[in-house]
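This report looks at how the helices and strands of one protein model are arranged, and at which side chains fill its interior. Please keep the structure at hand while reading.

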Amino acid sequence: MTDRPIVTYAREPGLAAVEFRQVLLDSGLSSIRPVDDLPRLEAMLNAADLIVTARLASTGALVGVARGVTDFAWICYMSEVAVSRSAQGLGIGNGLMDETRQLLGPKVALVLASVPEAVGFYERIGMERVADAFWYPRKP
């Protein structure tokens, strides 16, 4: 049995776009996020109401980010839950979701659209599937 690293979870509204970009690259979400457009990543962070980070306590290295848009009263739309591949399997995604839910409180619903590869993770942590979701896709 190996020792798991100690991870610190925190609300981090001032997260730097370059750090956010690196986690998107390291997590595999870079194929569906604008990682080559730093001003857009900055705008995404600046407009988010809730940014929760996961950092290795030993080095301060950022290994996970959960970013959401919320009113803190009724609903939170989770835009990303990104965990660096090197840290996947350590419970960090679950930790990010737990910290997010704690910050939101029990009266706020949490909604997200999952990439197909992560559906099993969200089911394992107890999220329910929603059948009737709709969207207007982004245009390039």
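A helix, as the word is used here, is a DSSP run of type H or I with at least four residues, and the helices are numbered from the N terminus. L25 has its place in one of these, helix α1. The model is a predicted one, and the values below are computed from it.

L25 is partly exposed, since its relative accessible area is 29% and this class lies between the limits of 20% for buried and 50% for exposed. Leaving out residues up to four places away in sequence, L25 touches S30, V35 and R85. The last of these, R85, is 60 residues from L25 along the chain, while the C-alpha atoms of the two are separated by 9.3 Å.

Other residues of α1, which spans 17-27, are buried, namely A17, F20, V23, L24 and S27. These lie on the same side of α1, because they cover an arc of only 125° around the axis. The buried residues of α1 pack against α2, β3 and β4, and after the helix comes G28, which has a positive phi, near 100°.

Helix α2 (38-47) can be described in similar terms. L41, M44 and L45 are buried in α2, and because their arc around the axis is only 95°, they are on the same side of α2. The face turned away from that buried side carries P39, N46 and A47, which are exposed. The following table sets out the two helices.

| Helix | Buried residues | Arc around the axis | Elements packed against |
|---|---|---|---|
| α1 | A17, F20, V23, L24, S27 | 125° | α2, β3, β4 |
| α2 | L41, M44, L45 | 95° | α1, β2, β3, β4 |

What is the order of the strands in the sheet? The 5 strands form an open sheet in the order β1-β2-β3-β4-β5, and their pairing is mixed. At the edges are β1 (7-11) and β5 (109-112), each of which pairs on one side only, and the twist from one strand to the next averages 25°. Between β1 and β2 the pairing is antiparallel and extends over 5 bridges, with A10 having T53 in β2 as its bridge partner. Helix α1 packs on this sheet, where it touches β2, β3 and β4, and its direction makes about 105° with that of β3.

The interior can be considered next. In soluble globular proteins, nonpolar side chains tend to be buried together. In this model the largest nonpolar core has 19 residues, and V81, I92 and L96 are those with the most contacts inside it. Two or more residues of this core come from each of β2 (50-56), β3 (62-70), β4 (75-83) and α3 (92-104). A second core, separate from it, has 15 residues, including F20, M44, A48 and V65. F20 is among the buried residues of α1, and M44 is among those of α2.

Two residues show which parts of the chain meet in the interior. I92 touches V7, Y9, A54, V63, V83 and A87, again not counting residues up to four places away in sequence. T100 lies in helix α3 and counts as buried, because its relative accessibility is 1%. Beyond its neighbours within four places in sequence, T100 is in contact with L50, V52, A66, M78 and L110.

Key:
Residues are numbered from 1 along each chain as its sequence is written. This is a predicted model: local features need pLDDT of at least 70, side-chain atom pairs count only at pLDDT 80 or more; totals for chains, interfaces and linings use all residues. Side-chain values use heavy atoms; hydrogens and water are left out. A nonpolar core is a set of buried Ala, Val, Leu, Ile, Met, Phe, Trp, Tyr and Cys residues joined through side-chain atoms within 4.5 Å. Buried means under 20% relative accessible area, exposed over 50%, partly exposed in between (1.4 Å probe, protein chains only). Contact means heavy atoms within 4.5 Å. The arc is that of the directions from the helix axis to the C-beta atoms. Two strands pair if DSSP finds at least two bridges between them. Axes are lines fitted to C-alpha atoms, for helices over the stretch in contact, and angles run from 0 to 180 degrees between N-to-C directions.
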